[in-house]
Structures are given as C-alpha cells and as structure tokens.
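Dear colleague,

I am passing on the structure we spoke about, and my notes on it follow below. Please read them with the model open beside you.

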Amino acid sequence: MSIVLITGSSGLVGSESVNFFCKKGFDVIGIDNNLRSFFFGKDGSTENIKNALIKNNKKFSHFNIDIRNYKNLEKIFKKYKKNISLIIHCAAQPSHDYGKNFPILDFNVNATGTLNLLELTKKFCFDSPFIFMSTNKVYGDNPNKLNLIEKDKRWELSNKDKNFKGINETFSIDNCTHSFFGVSKTYADLIVQEYGKNVGLKTVSFRGGCITGPNHNGARLHGFLSYLVKISLTKKKYSLIGYKGKQVRDNLHSKDLVNCFWEFFKKPKFGEVYNIGGGRFSNCSILEAIDIVENYSKIKIKKKIIKQNRIGDHIWYISNISKFKKDYPKWNQKYNTKKIIEELINNYK
C-alpha cells in the first residue's frame, strides 16, 4: 500500500491532488472538515467537491478531521505509518480579511495545524516527502516598494528592473506589513523549512501566486478569478478594492501546480523553498481579467470602485519561477491566464 495524505482535500489544490494521485494508482487519504464554509459561508463550501471526489475515485478515503486536533490526526498517522509515502498540506485559513478579524483562529489553523502535521510526519513516516502550500504573502507588502509604473490598465516594472521577470526566493520577508494571514503562513513556511534543514525531513514550501482552476469555490474574500467569473455570469457588481483595479497577479492552474508536486515527489529536497505561480507566462491585472471575461462571455460587468486597499495587498506580484524550472526541468506550464479564465467560464455555465 502506497498512500498519499492530503489536507484540505476538498479545496482547489487538494482536490486536484486527489484526482492526480488516484489516477497514478496511489491510495489517497483526504483530510478536510469544510472549515471554508465556516469562513466564507455557503459560497465557500466545498461539500460538492468532496462528494464528487468520493464518487469518482475508488482509491480515495475522506476523513472529516480538523488539523488543529493533534489526537485525531495522530490516529490516521498511527494507523498507516510508513505506508504514507507523501504528505501534501493544503489546508488553510486563506483570507487577509478573515485573519485580521479572527487572528487566533487564523494562527491555530495555519501555524499550529502545520506544526501538528510535521511532528506526526517526523514520528510515523520520517522518509516521506512533505509538500506545503505556502503563499507569496510571506513577502508582506515589500513588493509594493518596487519602482512601479502606472499604465492604462496595470501596474508594471521597467523591463530593465532586476525584478522584471518576477520576485525570487531571496526577496526580503522583513521590515514590512504582512497581514495576520501572511504572518501565520510565514510561520508555517519557516517551520516547514526548519523541519527539513534542522530535523532532516524532505520538506518544501511552495510560495504560490494566484492558484486557480475549475474546482475553486471563489468567495468575496478569497479567490479573485473564480469569484470574478461567478459574479460576471450572474450579472452582479464586482468590487475593485484599491489600486484602481490595476494590481497585477500571476495565475497558475491547479493542474500545473500539482505537476510541480509530482516532480518534487520524484526528486525531493530538504527544507527547500520555491516561488511558484504563472510568472511572465500567465499574469494579469484585475481590469485585464475583466476584459477577458467580458470578451469571452459577452457580458458587461458592473464595477464598484473601493479606494481603500486591503492591508498587505500586493500592487504587483509576479513569481520568478526560474529556480524551480532549473531544479525540475521536465515541468512546464500548459495554462495561461486567458485559457484559465475561459475554462472557468465554461465550467461555471
């Protein structure tokens, strides 16, 4: 028996991972208690995705466990022990706004939950690679200090700027405002590294840009591309929060991301960090995303401008993914932003 244990298994990246590794012939254990519905209400619920995973994957087993509960997690690790050949940790509280309003819950999910999983990996399946889905928010608002140029529909860097190809892993995480969510994820990111470099686990932190795909249940506080498509197709308003809607994000399809996981699993490292996102291949501003949605769906989107930006929000963020591509040259991207949005529209219909 070769088992892949996936937390947040009903979420975007988790569910993509379940389908991928089931198709590869692994037995997959999913851990997810749909806390997302508690965070974001009915719009954020992943119940439908969980049901589809159970229906479509005979090698998948779902467990309704909260990652903050060490004893319940331990029962799973203790039962399967070294049969667990890979841990993919995607479960999280993912929202800036929610983290600020509920900092203790945010920290306990993102930080304590991660520590629980690392300790259990060390205890029961030491040799199994541990993949952690981190975030570019570990850099706080430092990217906002770049020499940004305001253009018609986006903020941009000069092509001569050393960061033009994107933010790399040496970019500072210090002397900035993170948001409470960013801080709790930074702790998790660093402790994952520490268990690799100090303890000897095969760990990696993937610092993701905007990850998206058809299983993304976007809500107002999280998942902008998915939520944008949902709002546009129901002919409601879309709120542009801060920076005139010109803030830039790189967009990575969950399928492309899970292929990163596969490459790391085949050749793991110890305490490694990778910035991962769409890079220069796949990025857009919110205004540019709206243009793509309008052009493809033929629906005019009503825009509401909110001048006040969210604390810790990035004006411009593109991932420099050259480090990962150098270490894992077989990996390549298949989805650019236009293709991602068109798939989201077709899936929502």
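**Helix packing and cores**

H1 and H9 are oblique to each other, a word used here for angles that are neither under 35 degrees (roughly parallel), nor over 145 (roughly antiparallel), nor 65 to 115 (roughly perpendicular). This is a predicted model, in which local features need pLDDT of at least 70 and side-chain atom pairs count only at pLDDT 80 or more, while totals for chains, interfaces and linings use all residues. Residues are numbered from 1 along each chain as its sequence is written, and side-chain values use heavy atoms, with hydrogens and water left out. Helices (H or I, at least four residues) and strands (E, at least two) are DSSP runs, numbered from the N terminus.

To begin with that pair, the angle between H1 and H9 is about 60°, and their axes are 9 Å apart; axes are lines fitted to C-alpha atoms, for helices over the stretch in contact, and angles run from 0 to 180 degrees between N-to-C directions. The crossing of H1 and H9 is right-handed, meaning that the near helix is turned clockwise from the far one by less than a right angle, whereas an anticlockwise turn would make a crossing left-handed. On the H1 side the contact (heavy atoms within 4.5 Å) involves Leu 12, Val 13, Glu 16, Ser 17, Phe 20 and Phe 21, and on the H9 side Ser 254, Lys 255, Leu 257, Val 258, Asn 259, Phe 261 and Trp 262. By class, these residues are eight nonpolar, three polar and two charged, where Ala, Val, Leu, Ile, Met, Phe, Trp, Tyr, Cys and Pro count as nonpolar, Asp, Glu, Lys and Arg as charged, and the others, Gly among them, as polar.

Two further helix pairs involve H6. Helix H6 (residues 103-124) packs with helix H7 (residues 180-199) at an angle of about 15°, the axes being 8 Å apart, and the two are therefore roughly parallel. H6 passes H7 in a right-handed crossing, and the residues in contact include Phe 107, Leu 115 and Leu 118 of H6 and Phe 181, Ala 188 and Ile 191 of H7. That contact comprises 13 nonpolar, three polar and four charged residues. With helix H4 (residues 70-80), the axis of H6 comes within 10 Å and crosses at roughly 30°, so H4 and H6 are also described as roughly parallel to each other. The crossing of H4 and H6 is right-handed; among the residues that meet are Tyr 70, Leu 73 and Phe 77 in H4, and Leu 117, Leu 120 and Phe 124 in H6. Here the classes are six nonpolar, two polar and four charged.

What lies in the interior? The largest nonpolar core (a set of buried Ala, Val, Leu, Ile, Met, Phe, Trp, Tyr and Cys residues joined through side-chain atoms within 4.5 Å) has 35 residues, and those with the most contacts inside it are Phe 21, Val 28, Ile 88, Phe 206, Phe 261 and Ile 276. Among the elements that each supply at least two residues of this core are strand E1 (3-7), helix H1 (12-23), strand E4 (84-89) and helix H9 (254-266), and H9 gives the largest share, seven residues. Apart from this core lies another, of 31 residues, among them Leu 5, Ile 29, Ile 87 and Ala 188. Leaving aside neighbours within four places in sequence, Ile 88 is in contact with residues including Val 4, Ile 6, Phe 21, Ile 131 and Phe 261.

**Single residues**

Cys 90 sits in the loop between E4 and helix H5 (96-101) and, at 15% relative accessibility, counts as buried; buried means under 20% relative accessible area, exposed over 50%, and partly exposed in between (1.4 Å probe, protein chains only). Cys 90 and Cys 210 are 120 residues apart in sequence, and 14 Å apart in space, C-alpha to C-alpha.

Ser 15, in helix H1, is buried at 0% relative accessibility, whereas Lys 23, also placed in H1, is exposed at 75%.

Most residues other than glycine have a negative phi. Asn 175, however, has a phi near 55° and is exposed, with a relative accessible area of 72%, while Tyr 243 has a positive phi of about 60° and is buried at 18% relative accessibility.

With best wishes
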